[in-house]
Structures are given as C-alpha cells and as structure tokens.
Amino acid sequence: MNGPVFDIAHMLAGGLVLVSMMMLYQDRLYALLNVFALHSLILTLSVAWQAFIQDAPHLYVTAAIALVFKAIVIPVVLHRMIRQLGIHREIETVVGIGPTMLAGIGLVALATVVMLRVTPEADPLAREDLAFALSVLLLGLLIMVTRRNAVSQVVGFMSLENGLVLAATGAKGMPLVVEISVAFSILIAFIVIGVFLFRIRERFDTVDIRALEDFKGRRRK
C-alpha cells in the first residue's frame with residue numbers, strides 16, 4: 001500500500017479519536033451534539049475511503065447510513081428533543097473535565113499498546129485502525145460513565161458504536177446484511193431511548209439520572 005493511501009486512512013481514523021477527546025471536553029449539550037455530528041462526518045469519510053482503497057462498494061452504503069442518520073438526523077432530532085423537553089443545557093459530570101481528559105489520554109494509550117501487541121501479524125493498516133477504533137470505543141464508554149445527563153449518555157453510546165463501525169470497516173469491511181441490521185438496531189435503540197427520555201422527563205421533571213437513583217433508593221426503604 002503506497003504512502004498517501006496509508007496516511008489518509010490514518011489521518012481520518014486518528015481524527016475520529018481526536019474528536020472523541022473533544023467530546024469529553026464539552027460542557028454544554030448543544031456543543032456536544034455539534035461535535036458528535038462532526039464525529040459522524042469523519043466516520044463517513046473514513047468508511048468511504050476504506051470502500052475506495054478496498055474496492056468494496058458495499059461500504060459506501062455504510063458511509064451513506066452514517067452520513068444521513070448519524071451526522072444529520074440524530075443530531076437534529078436530539079436538538080429538538082432538548083428544546084421540547086426544556087432540558088438543562090449544561091452537562092453535569094461525575095468528575096471534573098481535567099481528570100476526565102487525563103483518563104481519556106490514558107485509555108487511548110492503553111488501547112494503542114494492547115492492540116499493537118496482540119496483532120503483530122495483522123495487516124499494518126488494519127492493525128493500526130483497530131487501535132484507533134478501540135480508542136474511540138473506550139472514549140465512548142468514558143463519556144457514558146462520566147456524564148449524568150441522559151442525553152449526553154446517548155451521545156456516548158452513539159460514539160461508541162462509531163468505534164465499532166470503524167473497527168469493522170478497517171478489518172476488510174463487513175457483509176452488507178450486517179451493516180443494514182446494525183443500522184436498524186441503531187434506529188430502534190434511538191427510538192427506545194427517545195421514549196425513555198420523554199418518560200423520565202414526564203415522571204421526574206428532569207433527565208438527570210440521579211433522579212432515578214433517588215427514586216430507587218426511596219422504593220427500597
């Protein structure tokens with residue numbers, strides 16, 4: 001594989017990790033959703049580039065799904081949901097931004113070391129893309145763990161799934177039927193999460209997950 005092809009693939013995969021770190025830094029919901037849209041756009045470009053260099057036309061379907069649903073539809077719907085529910089637009093975190101960013105850097109380093117050591121015989125492009133994908137996945141989990149607001153946890157879940165798509169496409173793609181089933185699973189999960197948010201807002205007048213913990217504690221008493 002020649003240099004420019006290799007470099008562009010890694011630039012896009014590395015850009016996805018960088019934008020995941022940007023998501024950790026956000027303290028307002030609208031900004032977080034905008035960064036997630038950028039995250040999905042970079043995923044779209046990365047998958048389309050993999051489709052080109054692998055000569056795998058079915059990966060263009062994955063890129064189109066990511067562009068339409070993740071970069072456009074889901075951010076727009078979440079923006080409207082925030083306005084309709086009157087959600088507090090500042091993100092409450094379990095720990096401060098500084099420790100969260102340090103934890104994110106540590107997870108990226110861990111993912112790189114682990115993946116490069118366990119795949120010494122793999123294709124260099126797939127090997128390093130898998131390291132980037134694992135970093136994105138772990139950063140998505142970190143977003144879910146360190147955010148109290150349910151909407152920000154939804155975004156963390158979606159960014160985690162972006163990491164899975166990056167891993168699957170970097171490892172010589174995945175069957176089209178799998179891509180379609182994953183897309184429908186995401187849509188179903190998004191619909192369920194939307195209903196879940198409305199029910200939380202209706203019952204507790206907030207989408208802070210601490211309300212659920214307090215309610216569970218009262219029920220036990």
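How much helix and how much strand does the chain have over residues 59–82, and how far apart are the end C-alpha atoms? Over that stretch the answer is 100% helix and 0% strand, with the end C-alpha atoms 33 Å apart. Keep in mind that we're looking at a predicted model here.

Zooming out, the protein has 8 helices and 0 strands, so reading the elements from the N terminus just gives α-α-α-α-α-α-α-α. As for burial, 46% of the 221 residues count as buried. The UniProt record, an unreviewed entry, lists "transmembrane region" for residues 6–25, 32–53, 59–82, 94–118, 130–147, 154–174 and 180–200. The opening stretch, 59–82, is one of those. Another is 6–25, and that span is also 100% helix and 0% strand, with its end C-alpha atoms 29 Å apart.

Now let's look at a pair of helices. Helix α2 covers residues 29–54 and helix α3 covers residues 58–85. Their axes sit 7 Å apart, and the packing angle is about 175 degrees. Since anything over 145 counts as roughly antiparallel, that angle makes α2 roughly antiparallel to α3. Sort the residues in this contact by class and you get 21 nonpolar, 7 polar and 2 charged.

Between α2 and α3 there's a loop, and Asp55 lies in it. If you like checking backbone torsions, have a look at this one: phi of Asp55 is near 55 degrees, a positive value in a residue other than glycine. Asp55 counts as exposed because its relative accessibility is 65%, and the cut-off for exposed is over 50%.

Back in α2, there's a ring pair to find. A search of the whole structure turns up 1 aromatic pair, made by Trp49 and Phe52. The ring centres are 5.4 Å apart and the planes meet at 35 degrees, so this pair is tilted. Trp49 and Phe52 are 3 residues apart in helix α2, which means that about one helical turn separates them. Phe52 itself is exposed, with a relative accessible area of 52%.

What about charges? The structure holds 1 salt bridge, and the side chains that meet in it belong to Lys70 and Glu161, at 1.8 Å from N to O. Lys70 lies in helix α3 while Glu161 is in helix α6 (residues 150–170), so the pair ties together parts that are 91 residues apart in sequence. Are these two residues buried or exposed? Both Lys70 and Glu161 are buried.

Finally, two other contacts across the sequence deserve a look. Ser135 is in helix α5, which covers residues 124–146. Ser135 counts as buried because its relative accessibility is 1%, against a cut-off of under 20%. Its partner in this comparison is Ser20: the two are 115 residues apart along the chain, yet 8.8 Å separates their C-alpha atoms.

Ile105, in helix α4 (residues 97–118), gives us the other case. With 51% relative accessibility, Ile105 counts as exposed. Ile105 and Met21 are 84 residues apart in sequence, and their C-alpha atoms are 8.2 Å apart in space. Both Ser20 and Met21 fall within residues 6–25, a stretch that UniProt lists as a "transmembrane region".

Note on methods:
Residues are numbered from 1 along each chain as its sequence is written. This is a predicted model: local features need pLDDT of at least 70, side-chain atom pairs count only at pLDDT 80 or more; totals for chains, interfaces and linings use all residues. Side-chain values use heavy atoms; hydrogens and water are left out. Axes are lines fitted to C-alpha atoms, for helices over the stretch in contact, and angles run from 0 to 180 degrees between N-to-C directions. Helices (H or I, at least four residues) and strands (E, at least two) are DSSP runs, numbered from the N terminus. Angles under 35 degrees count as roughly parallel, over 145 as roughly antiparallel, 65 to 115 as roughly perpendicular and the rest as oblique. Ala, Val, Leu, Ile, Met, Phe, Trp, Tyr, Cys and Pro count as nonpolar, Asp, Glu, Lys and Arg as charged, and the others, Gly among them, as polar. Buried means under 20% relative accessible area, exposed over 50%, partly exposed in between (1.4 Å probe, protein chains only). UniProt positions are given in the numbering used here, feature names are shortened, and annotations may be inferred rather than shown by experiment. Rings of Phe, Tyr and Trp (its six-membered ring) pair if their centres lie within 6.5 Å; planes under 30 degrees apart count as stacked, over 60 as edge-to-face and the rest as tilted. A salt bridge is a side-chain nitrogen of Lys or Arg within 4 Å of a carboxyl oxygen of Asp or Glu.
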